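Work through the following exercises with the coordinates open, and attempt each task before turning to its solution.

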Amino acid sequence: MSGSRLRAAALVTATALAVAVPMSSASATDSSGAGSSKSKSSAAGDCVVGQAGWRAPVQQRYVITSPFGDRDNPISHKYRLHAGVDLAMQPGPGPVVAADAGTVVRSGPYGGLGNEVTIQHANGVQTLYGHMAHIAADITPGSKVQAGQVLGKEGSTGASTGPHLHFEVHVNGKPVNPVPFMKQHNAPLDGRAPAPVTATPSAAGFALPAAGTPRKASLHQGAMSIPPKLMQLYRGAGEKYGVPWALLAGIGMEETAQGRNNTTSSAGAMGLMQFLPSTFAHYGVDGDGDGKVDIHSDADSVYSAANLLRAVDVAQGAAGVRRALFAYNHAEWYVNDVLYYAAAYGKGAGGVACTDGAETAASSRAAGAVRWAESEVGHAYRFGANGPDAWDSSSFVQAAYKNAGVQLPRTAQQQRDWLAAGHGTRVQPGDERPGDLIFEDSYLGPGKVGFVMIVTDPQSQRAVAARTPTLAVSYATYAGAQHTKHIFEVWRVNAPR
């Protein structure tokens, strides 16, 4: 908790309602919007809960009027690739919604597609939505969207012969047939209307209110994946205290990005859920049964957060949820950020409630690279140096990932090209994680990559790099760099296959 958050037990009732409430498994939302009480496991056994967020990009019945593939274009009368599928909603035009969580990269008139929106999703996937009659006012480049969020309304703008949604899926920049892709992601384009989702599913039997305004962190950072052990803690604490696990996950995301930024705050808040010691002294509980109540224990931190929320009457309707979160941190933007993240987790947007084996391996290597890089702060910079006492930017990154078990090429340009060749995933600015690499132009001129750094703290937009002879190996901010640099690319190293 920050300095503005709950400081003393006197602010709330002195008796915490630590009542064990047996609950069924948290209800995850499947790709069509229907609730399911079943957990989902990956082949590697690392996935704890959550359904993938993919869903049909509509809210009502529809028919496919033109499939993916080569055809005679009805406007130009030329035989060429129809790079998507056309969906005509029944009985008439209806809302167009995001097929999965992501970041809007384009919104507005776009050639023959008329009013069009493009969304960047995880793993190099983009979806395109064309010919809309209008686009929702909040769908602008850079905005975060959830699966099922309304993008606009079906229309016939651009090169179109009648109202329909032109829907495309691109993987690593190439269009693929949306029909098998969506089927593989448990969201078949079968013409049926997805079941509506009106509230965040809850293990505790009450729905969470929607996020309002103002918001802060969630405007720029989407909900990040939850490590399996942490997911178990959220579910366990939620069931014990009658608190929706998604709400606990929302707090964990807002406070420490699910443990990725777990450091003591300037106000002295500590642990995964960021408690001030004075508050933890009152609400702290032994979450893992080891006989100790430890502010630095993830289990104790999560269970204590659930204990606090229950004590301040979180279950008393929408107003109770908001009051409880405001007690946790006295800021309206904080309340709305947590509710935004809770909605994303509760709906399984982008599968964020579930970490698969590949992501776990990649995250582990990234964490190892960051640990090594931070241990080298203060070492000298020398162009062309390869360590161990001096580095340049690319040799520093190469050594960091070598230490984590990944062999990168030597120069910054070679590293970027190697990642682009299938060993990495390009990430939209604002979605970066610790361990991601940022490539910029530098001494080689505006058209070539000449500098690379390792992200250490996405929320403060801080990275570490071997910078100059004067600055040596040190921390640097990349805030605003995407607007001042000719080249600014964020890449994530994939787990070796």
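**Exercise 1.** Which residue forms a salt bridge with E116, and how far apart are the closest N and O atoms?

Solution. The model is a predicted one, in which local features need pLDDT of at least 70 and side-chain atom pairs count only at pLDDT 80 or more, while totals for chains, interfaces and linings use all residues. Residues are numbered from 1 along each chain as its sequence is written, and side-chain values use heavy atoms, with hydrogens and water left out.

Step 1: apply the criterion, under which a salt bridge is a side-chain nitrogen of Lys or Arg within 4 Å of a carboxyl oxygen of Asp or Glu. The partner of E116 is R106, and the closest N and O atoms of the two are 3.0 Å apart.

Step 2: place the pair in the fold, where helices (H or I, at least four residues) and strands (E, at least two) are DSSP runs numbered from the N terminus. Because E116 lies in strand 9 and R106 in strand 8 (residues 102–109), the pair ties together parts that are 10 residues apart in sequence.

Step 3: compare the exposure of the partners, taking buried as under 20% relative accessible area, exposed as over 50% and partly exposed as in between (1.4 Å probe, protein chains only). E116 is buried, with a relative accessible area of 0%, whereas R106 has 27% and is therefore partly exposed.

**Exercise 2.** Locate the salt bridges made by E489 and D436, and state what each pair links.

Solution. Step 1: E489 pairs with R416, and their closest N and O atoms are 2.8 Å apart. This pair links distant parts of the chain, since E489 is in strand 23 (residues 488–493) and R416 in helix 10 (residues 412–423), 73 residues apart. With a relative accessibility of 12%, E489 counts as buried.

Step 2: D436 forms a salt bridge with R492, the closest N and O atoms lying 2.9 Å apart. As D436 sits in the loop between strand 18 (424–427) and strand 19 (437–442) and R492 in strand 23, the pair ties together parts that are 56 residues apart in sequence. D436 is buried, its relative accessible area being 2%.

Step 3: salt bridges that share partners join R416, D417, R426 and E489 into one network. In total the structure holds 8 salt bridges.

**Exercise 3.** Determine how helix 3 is covered, and check its length.

Solution. Step 1: the expected span of a helix is 1.5 Å times one less than its number of residues. For the 12 residues of helix 3 (residues 245–256) this gives 16 Å, and because the end C-alpha atoms are 16 Å apart, the length agrees.

Step 2: helix 3 is mostly covered, with 12 of its 12 residues buried; among them are W245, M253, E254 and E255.

Step 3: using contact in the sense of heavy atoms within 4.5 Å, one finds that the buried residues of helix 3 pack against helix 2 (228–241), helix 5 (298–311), helix 6 (317–328) and helix 7 (332–346). The helix is followed by A257, whose phi is positive, near 55 degrees.

**Exercise 4.** Describe the surroundings of Q120.

Solution. Step 1: Q120 is found in strand 9 (residues 115–120), and at 11% relative accessibility it counts as buried.

Step 2: a polar contact is a pair of N or O atoms within 3.5 Å; within protein, one must be able to donate a hydrogen and the other to accept it, and residues adjacent in sequence count only if both atoms are side-chain atoms. The side chain of Q120 makes such a contact with the side chain of Q126 at 2.9 Å, and also reaches the backbone oxygen of V125 at 3.3 Å.

Step 3: leaving aside residues up to four places away in sequence, the residues touched by Q120 include G102, T103, V105 and Q428.

**Exercise 5.** Find two cis peptide bonds and two residues with positive phi that are not glycines.

Solution. Step 1: a cis peptide bond joins Q90 and P91, with omega about 5 degrees, and P91 lies in the loop between strand 6 (85–89) and strand 7 (95–97). The bond from T213 to P214 is also cis, with omega near 5 degrees.

Step 2: N172, which is not a glycine, has a positive phi of about 50 degrees, and at 62% relative accessibility it counts as exposed. For D313, phi is near 65 degrees; D313 lies in the loop between helix 5 and helix 6 and, at 38% relative accessibility, counts as partly exposed.
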